[in-house]
Amino acid sequence: MASVTIRDVRKAFGAAQILHGVSIDIQDGEFVILVGPSGCGKSTLLRMIAGLEQISAGEIAIGSRVVNDVPPKERDIAMVFQNYALYPHMSVRDNMGFSLKLKGANKATIDQHVKKAADILDLGRYLDRYPRQLSGGQRQRVAMGRAIVRDPQVFLFDEPLSNLDAKLRVAMRAEIKELHQRLKTTTVYVTHDQIEAMTMADKIVVMHAGKIEQIGAPLDLYDDPANLFVAGFIGSPAMNFIEGTLDTSGAAPAVVAADGTRLPLSPAPAAANGTKVVYGTRPEHIMLADDGLPAEVVVVEPTGAEIQVLARLGGKEITAVFRERHPLRPGETIHLKPRADLALVFEKDSGRRLRA
């Protein structure tokens, strides 16, 4: 196992700048997820760690060794791809042991390592099958087994669950997390799915347009986002945003929406009265209350464990989530009360978080 250090790494394809000075410290044994929308540069960064893309500027070190000019096969990493990348003419056993065969390991050593990985991933009964005889989840486990057999310093995962159905993705998330807890190998994982990031990572790196927006533990990013982008990207359903003007002139600070609705704050952020801001509140931080703000129900979505309600408040549609099964109907007026102590405020122009 080893740490991974990324220092001011930049990547350009001709005149197109893809990464703009990215720096990340990944500790030995840590599970780090790079998350962000398509085109943010996360997969490019992963491929640079693997040595599959050249670095335009900056430095990447695995352990104490700078690997900028080290070929991929000498970096002691193992990569799991989105499309599994299995050899169709080889059995599961041969796919998993192929990297050791290329290194010249003897058959007994290969069989020992393959058996160990197969036991970890519950693949023992499939070792003599071919990839075409396996389900998507089984193929992904074989790809993971091939990586385990190499016993690398670092695992790299490039959106490995994207080709699986929703139920299987949930199961595989748990398998990968359990695997990391067992092996304790440093892991860098790329996904655009923030639920994957929240449920699996020790540390999340949120990327946008080739830059890092914020780095932190999953719940730290959820509870304490640094800016509007992170607040909107992390969380499902997404945080509600309402534009307005900060009013700190009275005893009860608030953000005043365009239609005059006063959205409660406690405490007020350290910003000038009249500042143009964006008010943010999570769906689960909105309550039904007699003294709440009038809102019109637009859509009611029962999910079983909870009810998601799309309502029109402050001239904008917002989402509220209730654990209780309220008998709500589209078109009726309800009264919603955002929790003032959990509301977040962002500067409208820059998107940066305004704090008390």
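Which residue with a positive phi follows H2? Gly 104 does, with phi near 90°. The model is predicted. This briefing covers two helices, two nonpolar cores, the strand pairings and one loop residue.

**Helix H2**
- Helix H2 takes in residues 92-102.
- Its buried residues are Val 92, Asn 95, Met 96, Gly 97, Ser 99 and Leu 100.
- H3 and H4 are among the elements that cover these buried residues.
- Met 96 also belongs to the largest nonpolar core, where it is one of the five residues that touch the most other members.

**Helix H5**
- Helix H5 covers residues 166-183, which makes 18 residues.
- At 1.5 Å a residue, H5 should span 26 Å, and its end C-alpha atoms are indeed 26 Å apart.
- Met 172, Arg 173, Ile 176, Leu 179 and His 180 are the buried residues of H5.
- Viewed down the helix axis, these buried residues fall within an arc of 135°, so they line one face of H5.
- An α-helix has 3.6 residues a turn, so residues three or four places apart point the same way.
- The buried residues of H5 pack against three strands and three helices: E3 (31-35), E7 (154-158) and E8 (186-191), together with H3 (107-121), H4 (136-149) and H6 (194-200).
- At the start of H5, a side-chain oxygen of Asp 165 comes within 3.2 Å of the backbone nitrogen of Lys 167.
- After H5 comes Lys 184, with a positive phi near 60°.

**Nonpolar cores**
- The largest nonpolar core has 43 residues.
- Ile 33, Met 96, Met 144, Ile 176 and Tyr 189 touch the most other members of this core.
- H4 supplies the largest share of the core, six residues.
- Another core lies apart from it, with 29 residues, including Val 4, Ile 60, Ile 77 and Val 190.
- Beyond its neighbours within four places in sequence, Ile 176 contacts Phe 31, Met 144, Phe 157, Pro 160, Leu 161, Tyr 189 and Met 200.
- In soluble globular proteins, nonpolar side chains tend to be buried together.

**Strands E1, E2 and E4**
- Strand E1 (residues 4-13) pairs antiparallel with strand E4 (residues 57-62) over five bridges.
- Ile 6 stands opposite Ile 60 of E4.
- E1 is also joined to strand E2 (residues 16-26), by eight bridges and again in the antiparallel sense.
- Arg 10 stands opposite His 20 of E2.
- The hairpin of E1 and E2 has two residues between the strands, and Gly 14 takes a positive phi near 65° there.

**The six-stranded sheet**
- Six strands form an open sheet in the order E13-E12-E11-E14-E19-E20, with antiparallel pairing.
- E13 and E20 (353-354) are the edge strands, each pairing on one side only.
- Strand E19 (residues 344-347) pairs antiparallel with E20 over two bridges.
- Phe 346 stands opposite Arg 353 of E20.

**Thr 275**
- Thr 275 sits in the loop between strand E13 (262-264) and strand E14 (276-281).
- Its relative accessibility is 19%, and under 20% counts as buried, so Thr 275 is buried.
- The Thr 275 side chain reaches the backbone oxygen of Ala 272 at 2.6 Å.
- Leaving out residues up to four places away in sequence, Thr 275 touches Gly 244, Thr 245 and Leu 246.

Definitions and conventions
Residues numbered from 1 in each chain as written. Predicted model: local features only at pLDDT ≥ 70, side-chain atom pairs only at ≥ 80, totals over all residues. Heavy atoms only, no water. Helix = DSSP H or I, 4+ residues; strand = E, 2+ residues; numbered from the N terminus. Expected span 1.5 Å × (residues − 1). Buried < 20%, exposed > 50% of the residue type's maximum accessible area, 1.4 Å probe, protein only. Arc of directions from axis to C-beta. Contact = heavy atoms within 4.5 Å. Polar contact = N/O pair within 3.5 Å; in protein donor to acceptor, adjacent residues only side chain to side chain. Pairing = 2+ DSSP bridges. Core = buried A, V, L, I, M, F, W, Y, C linked by side-chain atoms within 4.5 Å.
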